[in-house]
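Student: Can we go through the labels in this model one by one? I'd like to see the reasoning behind each of them.

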Number of protein chains: 2
Amino acid sequence: MKLKDDRKVELIYQAALKLVARKGLAGITMGDISREAGIATGTLYVYFTGKDELINALFACSRANSVQVAFRGYDPSQPFKPGFRTVWMNILRYKLQHFEEVVFVEQCFHSPYITTETREKARELAAPFFDLIERGQQEQLVKQADTGLLLTFIMGALNELVKQTHYSNETLSKRKIDLTFDLCWDALKA
Amino acid sequence: MKLKDDRKVELIYQAALKLVARKGLAGITMGDISREAGIATGTLYVYFTGKDELINALFACSRANSVQVAFRGYDPSQPFKPGFRTVWMNILRYKLQHFEEVVFVEQCFHSPYITTETREKARELAAPFFDLIERGQQEQLVKQADTGLLLTFIMGALNELVKQTHYSNETLSKRKIDLTFDLCWDALKA
DNA sequence: AAGGTAAGCGAATAATTATTCATTTATGCG
DNA sequence: CGCATAAATGAATAATTATTCGCTTACCTT
């Protein structure tokens, strides 16, 4: 017998992401996805029971990916600020490199495809970020405000920056990146 | 003869906004909109040539509305910080009260409905915000960084805050609002 | 190497949704 | 008041899109 091809799932994901970033979640069809992926429409249904499942799976995958890289190189024994910087940079770099995921996740949040279950699992993934900010608060380096509020503020700013950068299709210079980090840090610092 | 009813356009807009905030741009049909608005599907085509035009018109309208209220009560002869605070508050208040517009505009940005023409007109509306930040820079109160970058940062943070607030369905307390303003101001200030 | 099993295909079908249109209803105008 | 005109209706139609299915192809197992 023939086995499922894991690379094909990846192919499908990439096709869907690309199309959503270009035309929005409202503008993609199963036909579009299969064409972009270079496979037959029917094959999509070998890997997913339908459009809903495809999008839920891609959503879960996208969220997990972005969190996974965030703490790469983070050393808790380091002082807080450079540690925070490492994580912040990881997130920014990831979002810039995976712009399509950023758009896709955003579009999914208010959409009929994502189930509450999928949405809740995504929420849980944010726990390490809360821990990080709380550490900064314990060390009196970060404002004693609602942690969720601070996180929201930073993530919103980052997301918008990435979108704006993509639109203006400049590459974000090191100078601009450092500057934006300063904006974030000045906002957070006690 | 019978005349077109301006309130009906408003009714259609409200219905569409409500549905998009609930189910996303991908999840609304002309049938849904007419049902929610309490009118017949055919009537939609009296007021709009089709779905594309409806959504483009609503997008343009939503953007214009939010800008229109931003400078209410702003007095250029006032010092910069309180003036900036007034505008910032106007924007926050508007976004909180018109959450559905926030979601709608966001979803539209990457969608097959919005024409480049509509998108460009929306961009032009941002000019007064640039002017405001530039004033702060001239007075040495705001960091000498790319103005667009600063604006993007602030607007992204505000948007995310509004979305997060809506999700957690708490009302944003005065304390939290003041706190978030401090985050913004600390980020911007030279 | 051969057989069996599941992937892969894409045209056909089913379901959904945008749009039209014949008809009815409301209202401004003489 | 009654006609003319355009809005309003919603069932019918057209267009689009998700999903299925009979068939072919690839490849794993023995």
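**Checking the labels**

Tutor: Sure, and keep in mind that this is a predicted model. Let's begin at the DNA: of the atoms of DNA strand C within 4 Å of the protein, 75% belong to sugar or phosphate, and the rest belong to bases.

Student: Which residues come nearest to DNA strand C?

Tutor: M1(A), K8(A), Y47(A), M30(B) and K51(B), out of 24 residues around the strand. By class, that surface divides into 11 nonpolar, 7 polar and 6 charged residues. α3(A) gives the most to it, with 4 residues.

Student: What makes the pairing of K8(A) with a phosphate oxygen of DNA strand C a polar contact?

Tutor: Set the distance against the cut-off. An N or O atom in the side chain of K8(A) is 2.7 Å from a phosphate oxygen of DNA strand C. The limit for a pair of N or O atoms is 3.5 Å, so this pair qualifies as a polar contact.

Student: Which part of A40(A) lies 2.9 Å from a phosphate oxygen of the strand?

Tutor: A polar backbone atom of A40(A). For Y45(B), it's a polar side-chain atom that lies 2.9 Å from a phosphate oxygen of DNA strand C.

Student: Over to the protein chains. Why is K143(B) with D186(A) called a salt bridge?

Tutor: The closest N and O atoms of K143(B) and D186(A) are 2.7 Å apart. A Lys side-chain nitrogen has to be within 4 Å of an Asp carboxyl oxygen, so the label holds. The count between chain B and chain A is 4 salt bridges.

Student: How much area is buried between chain B and chain A?

Tutor: About 3500 Å², of which carbon and sulfur atoms give 69%. In chain B, H110(B), F153(B) and L183(B) lose the most area to chain A, together 22% of what that side buries. The contact takes 39 residues from each of chain B and chain A.

Student: Last one: why is Y74(A) called buried?

Tutor: Its relative accessible area is 19%, and buried means under 20%, so Y74(A) gets the label. Y74(A) is in the loop between α4 (51–70) and α5 (80–97) of chain A. Residues it touches include G83(A), T86(A) and L132(A).

Student: And what makes Y74(A) with R135(A) a polar contact?

Tutor: The side chains of Y74(A) and R135(A) make that contact at 2.9 Å. Since the cut-off is 3.5 Å, the distance fits.

Definitions and conventions
Residues numbered from 1 in each chain as written. Chains lettered and ligands numbered in written order. Predicted model: local features only at pLDDT ≥ 70, side-chain atom pairs only at ≥ 80, totals over all residues. Heavy atoms only, no water. Contact = heavy atoms within 4.5 Å. Buried area = accessible area lost by both parts, 1.4 Å probe. Helix = DSSP H or I, 4+ residues; strand = E, 2+ residues; numbered from the N terminus. Buried < 20%, exposed > 50% of the residue type's maximum accessible area, 1.4 Å probe, protein only. Polar contact = N/O pair within 3.5 Å; in protein donor to acceptor, adjacent residues only side chain to side chain. Near = heavy atom within 4 Å. Nonpolar A, V, L, I, M, F, W, Y, C, P; charged D, E, K, R; others polar. Lists of a residue's contacts leave out its neighbours within four places in sequence.
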